[in-house]
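Good morning, colleagues. Please take a moment with the sequence and the model, which I shall then discuss region by region.

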Amino acid sequence: AIDELAEQNRENEKKARKKYLQTAEKYNVRNEPHGISELTGPSSSFHSATGFVEEIIAVRGRVADLIVMSRPEKDSDGLFAEMVTTVIFNSGRPVLLLPAGQNHHPLEGNTVIAWNGSVEAARAASFSIPLLHGKVWILSGQAEGAKQPDPSSDDPVLYLRRQKIDGEAVLHQIKSFSTATEILDAAVSLD
């Protein structure tokens with residue numbers, strides 16, 4: 001049984017590598033398997049690892065400019081939400097969440113930054129500056145039943161404006177920002 005699983009893993013890796021190379025070619029993203037080139041523009045590399053997906057993405061993402069994840073059509077068991085939460089809080093990098101069914105997205109148009117005032121949120125917002133174009137909404141959470149909004153909700157807007165980025169604070173009543181689903185649902189309501 002272990003030999004069968006190992007063979008299945010090898011076949012899955014081959015399929016994933018093939019799909020990766022096709023996608024990189026389709027969108028003119030250079031494959032950089034052995035390091036850094038002198039060329040400019042987007043580049044990527046394929047890595048295969050064994051372990052928990054969210055932990056691997058978080059660790060590998062620490063040496064990336066941006067982590068891109070696409071929301072699945074269905075997440076009834078909440079595994080995607082847990083995975084995104086782990087990646088956001090353990091990578092220290094900005095995470096671009098795509099709507100269900102999309103596997104690419106131009107880096108233009110409006111953006112939502114989920115802001116809870118944490119070090120992780122500040123770091124991700126700062127690292128995202130070169131990628132931000134168009135209107136940026138700072139989605140600041142307020143717990144249900146709370147009387148006062150987080151006093152720091154306007155701070156990231158001021159920070160963005162100092163960077164010459166059009167930002168606006170949006171107070172959104174939420175239970176918590178612990179799930180990617182809540183963030184994506186709130187973002188859809190803004191668009």
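N28 lies in the loop between α1 (2-26) and β1 (30-31); helices here are DSSP runs of H or I with at least four residues, strands are runs of E with at least two, and both are numbered from the N terminus. The model is a predicted one, in which local features need pLDDT of at least 70 and side-chain atom pairs count only at pLDDT 80 or more, while totals for chains, interfaces and linings use all residues. Residues are numbered from 1 along each chain as its sequence is written, and side-chain values use heavy atoms, with hydrogens and water left out.

N28 is not a glycine, yet its phi is positive, at about 55°. As general background, most residues other than glycine have a negative phi. N28 is exposed, with a relative accessible area of 65%; exposed means over 50% relative accessible area, buried under 20%, and partly exposed in between, with a 1.4 Å probe and protein chains only. The positive phi of N28 comes just after α1. Helix α1 itself has 25 residues and reaches 36 Å from its first C-alpha to its last, close to the 36 Å expected at 1.5 Å a residue. That expected span is 1.5 Å times one less than the number of residues in the helix.

Where does K164, with its positive phi, lie? K164 is found in the loop between α5 (155-162) and β7 (167-174). Its phi is about 70°, although K164 is not a glycine. K164 counts as exposed, at 75% relative accessibility.

Let me place these elements in the whole chain. There are six helices and seven strands, and from the N terminus on the order is α-β-β-α-β-α-β-β-α-β-α-β-α. Of the 191 residues in the chain, 26% are buried. Among contacts with a separation of 6 or more, 67% are between residues 24 or more positions apart; contact means heavy atoms within 4.5 Å.

I turn now to helix α3. It covers residues 79-91, which is 13 residues, and spans 18 Å from first C-alpha to last, close to the 18 Å expected at 1.5 Å a residue. Its buried residues are F80, A81, M83, V84, T85, V87 and S91. Just after α3, G92 takes a positive phi of about 70°.

How is α3 placed against α2? In general, two packed helices are described by the angle between their axes and the distance between the axes. The axes of α2 (residues 53-61) and α3 come within 8 Å and cross at roughly 30°; axes are lines fitted to C-alpha atoms, for helices over the stretch in contact, and angles run from 0 to 180 degrees between N-to-C directions. α2 is therefore roughly parallel to α3, a term for angles under 35 degrees, with over 145 roughly antiparallel, 65 to 115 roughly perpendicular and the rest oblique. The crossing of α2 past α3 is right-handed: the near helix is turned clockwise from the far one by less than a right angle, whereas anticlockwise would be left-handed. On the α2 side the contact is made by V53, E54, I57 and A58, and on the α3 side by M83, T86, V87, N90 and S91. By class, this contact of α2 with α3 has five nonpolar residues, three polar and one charged. Here Ala, Val, Leu, Ile, Met, Phe, Trp, Tyr, Cys and Pro count as nonpolar, Asp, Glu, Lys and Arg as charged, and the others, Gly among them, as polar.

Three further residues illustrate pairs distant in sequence. R71, in the loop between β3 (67-70) and α3, counts as partly exposed at 21% relative accessibility. R71 and L98 are 27 residues apart in sequence, with their C-alpha atoms 6.0 Å apart.

F127 sits in helix α4 (residues 119-128) and is partly exposed, at 36% relative accessible area. Its C-alpha is separated by 6.9 Å from that of R93, 34 residues away along the chain. Not counting residues up to four places away in sequence, F127 touches G92, R93 and P94. G92 is the residue with positive phi just after α3.

Finally, I129 is in the loop between α4 and β6 (136-143). Is I129 buried or exposed? I129 is buried, with a relative accessible area of 17%. Leaving out residues up to four places away in sequence, I129 touches Y159, L160, Q163 and I165. For I129 and Q163, 34 residues apart in sequence, the C-alpha to C-alpha distance is 7.7 Å.
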